[in-house]
Amino acid sequence: MTIDSDPVPSPLRAAVLVLRAEAVALGLVALWLIWSDLTAEHTDLASALLVTAFAVAGAVALWALGGALSRRRAGARAPAIVLQLMLLPIGWYMISGGMGWLGLPLMALGLVVAGLLVSGPTNRALGFGDPAGQ
């Protein structure tokens with residue numbers, strides 16, 4: 001049995017779990033969009049397929065970034081942060097459209113996960129900064 005002498009730090013582990021949860025949630029939205037595309041009576045097919053493809057690609061990207069970060073691939077951090085910061089304008093427009101109950105938590109989620117991804121323990125685990133933690 002091999003014991004990892006340098007376990008994944010808690011902030012990075014939490015960020016990976018949230019990224020994977022976001023991927024599952026967006027995957028469920030993509031499944032609903034596929035069902036809606038197939039059952040709609042009237043639709044602009046090109047727009048419907050584009051929105052559906054965007055949701056599928058987002059779910060795949062979030063899942064892949066979570067996996068890469070769990071393997072401590074430093075190059076996955078920046079795209080993951082960008083995807084989290086994309087929740088800010090989405091949340092803002094939800095708030096502006098009267099869906100503050102969903103927009104505000106999405107904005108907070110994006111900021112929290114981005115914070116986890118730039119925290120000191122995550123930086124050290126991904127090879128950024130001083131490895132001694134000073």
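## Two helices side by side

Helices whose axes make an angle over 145 degrees count as roughly antiparallel. In this predicted model, the axes of α4 and α5 cross at roughly 165 degrees and come within 7 Å. The two helices α4 and α5 are therefore roughly antiparallel to each other, and their crossing is left-handed.

Who takes part in this contact? On the α4 side we find Leu 87, Leu 88, Ile 90, Gly 91, Trp 92, Met 94 and Ile 95. From α5 come Gly 100, Leu 102, Gly 103, Leu 104, Leu 106, Met 107, Leu 109, Gly 110 and Leu 111. Sorted by class, the contact of α4 with α5 holds 12 nonpolar and 4 polar residues, with no charged ones.

## The overall picture

Let's step back to the whole chain. The protein chain has 6 helices and 0 strands, so its elements, read from the N terminus, run α-α-α-α-α-α. Taken along the principal axes, a box of roughly 60 × 35 × 20 Å is filled by the C-alpha atoms of the protein chain.

## α3 meets α5

Now for another partner of α5. The axes of α3 and α5 come within 8 Å, with a crossing angle of roughly 160 degrees. That angle is over the 145 degree cut-off, and α3 and α5 are therefore roughly antiparallel to each other. Here α3 passes α5 in a left-handed crossing.

The α3 residues in this contact are Arg 77, Ala 80, Ile 81, Gln 84 and Leu 85. Across from them, α5 offers Leu 109, Gly 110, Val 113, Ala 114 and Leu 117. The contact of α3 with α5 divides into 7 nonpolar, 2 polar and 1 charged residues.

## α1 meets α5

How do α1 and α5 cross? Their axes come within 8 Å and make an angle of roughly 140 degrees, which makes α1 oblique to α5. The crossing of α1 past α5 is left-handed.

From α1, the contact takes in Pro 11, Leu 12, Ala 14, Ala 15, Val 18 and Glu 22. From α5, Leu 109, Val 113, Leu 116 and Leu 117 join in. By class, the contact of α1 with α5 counts 9 nonpolar residues and 1 charged residue, with no polar ones.

You may recognise a familiar name by now: Leu 109 of α5 is listed in the contact with α4, in the contact with α3 and in the contact with α1.

## The largest pocket

Finally, a look at the open space. The largest pocket holds about 620 Å³, and 19 residues line it. Which of them lie nearest its centre? They are Leu 26, Phe 54, Leu 62, Leu 87 and Ile 90. Two of these, Leu 87 and Ile 90, are also listed on the α4 side of the contact with α5.

Several helices share in the lining of the largest pocket: α1 (10-39), α2 (45-70), α3 (77-85), α4 (87-96) and α5 (100-117) each supply at least two residues. By class, the lining of the largest pocket has 16 nonpolar, 2 polar and 1 charged residues.

Technical notes: Residues are numbered from 1 along each chain as its sequence is written. This is a predicted model: local features need pLDDT of at least 70, side-chain atom pairs count only at pLDDT 80 or more; totals for chains, interfaces and linings use all residues. Side-chain values use heavy atoms; hydrogens and water are left out. On a 1 Å grid over the protein atoms alone, a cavity is a set of points where a 1.4 Å probe fits but cannot get out, and a pocket is an open set with protein on both sides within 12 Å along at least five of seven lines; lining residues have an atom within 4 Å of a point. Grid points are joined across faces, edges and corners, and a volume is the space filled by probe spheres set on the points. Helices (H or I, at least four residues) and strands (E, at least two) are DSSP runs, numbered from the N terminus. Ala, Val, Leu, Ile, Met, Phe, Trp, Tyr, Cys and Pro count as nonpolar, Asp, Glu, Lys and Arg as charged, and the others, Gly among them, as polar. Axes are lines fitted to C-alpha atoms, for helices over the stretch in contact, and angles run from 0 to 180 degrees between N-to-C directions. Angles under 35 degrees count as roughly parallel, over 145 as roughly antiparallel, 65 to 115 as roughly perpendicular and the rest as oblique. A crossing is left-handed if the near helix is turned anticlockwise from the far one by less than a right angle, and right-handed if clockwise. Contact means heavy atoms within 4.5 Å.
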